[in-house]
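The following note sets out several points on the structure shown below. Each point may be read alongside the sequence and the model.

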Amino acid sequence: MHADIVVLPGDGIGPEVTAAAVDVLQAVARRYSHRFTLHEHLIGGAAIDATGTPLPDATLAAARDADAVLLGAVGGPKWSDPNAAVRPEQGLLAIRKALGLYANLRPTRPHSAAIGASPIKPHLLAGVDLLVVRELTGGIYFGERTRTETSASDLCSYTVAEIERVVRRACLLARGRRGHVTSVDKANVLETSRLWRDVATRIARDEFPDITLEHQLVDSMAMHLLSKPRAFDVIVTENMFGDILTDEASMLAGSLGLLPSASLGDGSVGMYEPIHGSAPDIAGQGIANPYGTILSAALLLRYSLGLSMEAGCIEQAVDSALEDGVFSADLAAGGDARSTREVTAAVLERIETTC
Ligand code: NAI
Ligand code: MG
């Protein structure tokens with residue numbers, strides 16, 4: 001098949017990890033006789049430097065026309081002046097909103113070979129297989145902000161329709177898994193959470209009688225995620241809670257650098273990115289973990305292009321590399337650490353030989 005893929009490297013380690021995923025996509029194209037046309041565009045701080053805006057019109061237009069978007073990460077100290085009129089993160093929020101990407105899928109499945117990198121006791125991790133579905137285009141990240149000399153406010157609001165569509169997506173995904181959905185909110189305090197809970201209850205009851213739905217408050221969920229991670233299958237939650245809980249969930253897998261994500265809407269374009277940020281502390285050193293972005297490319301093939309076999313090939317290649325101890329510095333715990341390029345080469349070699 002032929003597919004147009006927009007690549008948005010962004011800032012910090014973004015260009016390093018997207019370059020790895022691009023190499024992997026090209027290897028898959030060769031192996032399975034597909035043609036992927038990759039178009040690179042600006043976003044985030046790199047876009048601010050070049051054009052003055054974090055999401056140039058050309059980037060958004062290219063993304064709208066593409067079959068899928070692969071993104072690295074945005075942000076960094078250079079653009080982090082709190083009083084700056086434009087910030088890299090605005091570009092990310094704006095593209096998610098403009099493409100209607102309301103469901104952010106963040107799977108976590110600790111790999112047995114990388115379990116040593118996790119701070120959690122190994123017996124708690126065996127068999128963990130979670131999918132967090134984070135609402136991505138509503139809530140407090142998109143509400144009105146105010147600031148005066150003496151106060152500030154951020155508005156959190158959700159509509160019934162926004163909650164319905166993401167809960168529905170989570171229930172559909174649970175059908176293809178173990179049929180269990182945990183909806184996370186703060187309904188004991190927040191009105192948006194009480195609405196969230198009512199809507200989730202109704203959608204599950206009326207449309208998904210085959211799914212079991214439970215509710216958890218976000219604070220105790222933060223604890224349960226570490227104390228009994230095997231108890232969860234699909235977790236659906238609002239934007240900020242999902243952002244925080246998935247960084248926490250990454251510790252089950254061993255590193256933030258391992259986790260991929262897929263952002264989907266009702267339209268045809270999906271966006272794929274690792275869950276981590278631009279990691280300015282290690283940017284430019286060639287040591288970033290590219291697995292999360294490579295696995296995001298696998299999700300791109302599966303969800304946007306319908307290429308499940310090819311996606312499985314990438315996931316198998318990653319599993320095999322981890323199995324063989326191909327660890328970047330964040331996973332190596334002081335042991336033998338491979339560079340971003342060496343990790344990528346190990347995955348490429350396995351795509352050519354094992355799938
Ligand atoms: P971060 O996710 O960039 O880094 C947190 C820690 O994890 C750092 O110590 C970093 O070195 C490490 N880490 C992250 N990804 C890694 C990888 N692939 N390999 C090895 N180590 C990795 O979060 P932080 O430091 O809070 O934010 C840095 C910048 O990134 C900020 O400007 C922030 O706004 C931005 N950011 C952007 C996101 C995005 O583009 N989606 C998401 C989160 C933060
Ligand atoms: Mg985050």
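1. At roughly what angle do the axes of helix α11 and helix α13 cross? The model is a predicted one, and in this model the axes of α11 (residues 308-323) and α13 (residues 340-353) cross at roughly 125° and come within 9 Å. An angle counts as oblique when it is neither roughly parallel, roughly antiparallel nor roughly perpendicular. That makes α11 oblique to α13. The crossing of this pair is right-handed.

2. The residues that form this contact may be listed helix by helix. Helix α11 contributes Cys 313, Ile 314, Ala 317, Val 318, Ser 320 and Ala 321, while helix α13 contributes Val 343, Ala 346, Val 347, Arg 350 and Ile 351. By class, the contact of α11 with α13 comprises nine nonpolar residues, one polar residue and one charged residue.

3. A second helix pair is formed by α1 (residues 14-32) and α10 (residues 291-303), whose axes are 8 Å apart and which pack at an angle of about 45°. Helices α1 and α10 are therefore oblique to each other. Their crossing is right-handed.

4. In the contact between α1 and α10, the residues from α1 are Val 17, Thr 18, Ala 20, Ala 21, Val 24, Leu 25 and Val 28, and those from α10 are Thr 293, Ile 294, Ser 296, Ala 297 and Leu 301. Nine of the residues in the contact of α1 with α10 are nonpolar and three are polar, with no charged residue.

5. How are helices α8 and α9 oriented relative to each other? The axes of α8 (residues 218-227) and α9 (residues 239-253) cross at roughly 15° and come within 10 Å. Because angles under 35 degrees count as roughly parallel, that value makes α8 roughly parallel to α9. The crossing in which α8 passes α9 is right-handed.

6. Which residues make the contact between α8 and α9? On the side of α8 they are Val 218, Met 221, Ala 222 and Leu 225, and on the side of α9 they are Phe 241, Leu 245, Glu 248 and Ala 249. Seven residues of the contact of α8 with α9 are nonpolar, one is charged and none is polar.

7. An unreviewed UniProt entry lists Asp 219, Asp 243 and Asp 247 under "binding site". These residues are spread over 29 residues of sequence, yet they cluster in space, with a largest C-alpha distance of 14.5 Å. Asp 243 is located in helix α9.

8. The surroundings of ligand 1 also deserve attention. There are 23 residues around ligand 1, and those that come nearest are Gly 75, Gly 257, His 276, Gly 277 and Asn 289. The shell around ligand 1 divides into 10 nonpolar, nine polar and four charged residues.

9. Finally, the unreviewed UniProt entry lists residues 4-347 as "domain: Isopropylmalate dehydrogenase-like". In the model, this span is 44% helix and 18% strand, and the C-alpha atoms at its ends lie 23 Å apart.

Definitions and conventions:
Residues numbered from 1 in each chain as written. Chains lettered and ligands numbered in written order. Predicted model: local features only at pLDDT ≥ 70, side-chain atom pairs only at ≥ 80, totals over all residues. Near = placed C-beta within 6 Å. Nonpolar A, V, L, I, M, F, W, Y, C, P; charged D, E, K, R; others polar. Axes fitted to C-alpha atoms, helices over the stretch in contact; angles between N-to-C directions. Helix = DSSP H or I, 4+ residues; strand = E, 2+ residues; numbered from the N terminus. Parallel < 35°, antiparallel > 145°, perpendicular 65-115°, else oblique. Left-handed = near helix turned anticlockwise from the far one by under 90°. Contact = placed C-beta atoms within 7 Å. UniProt positions renumbered as here; feature names shortened; annotations may be inferred.
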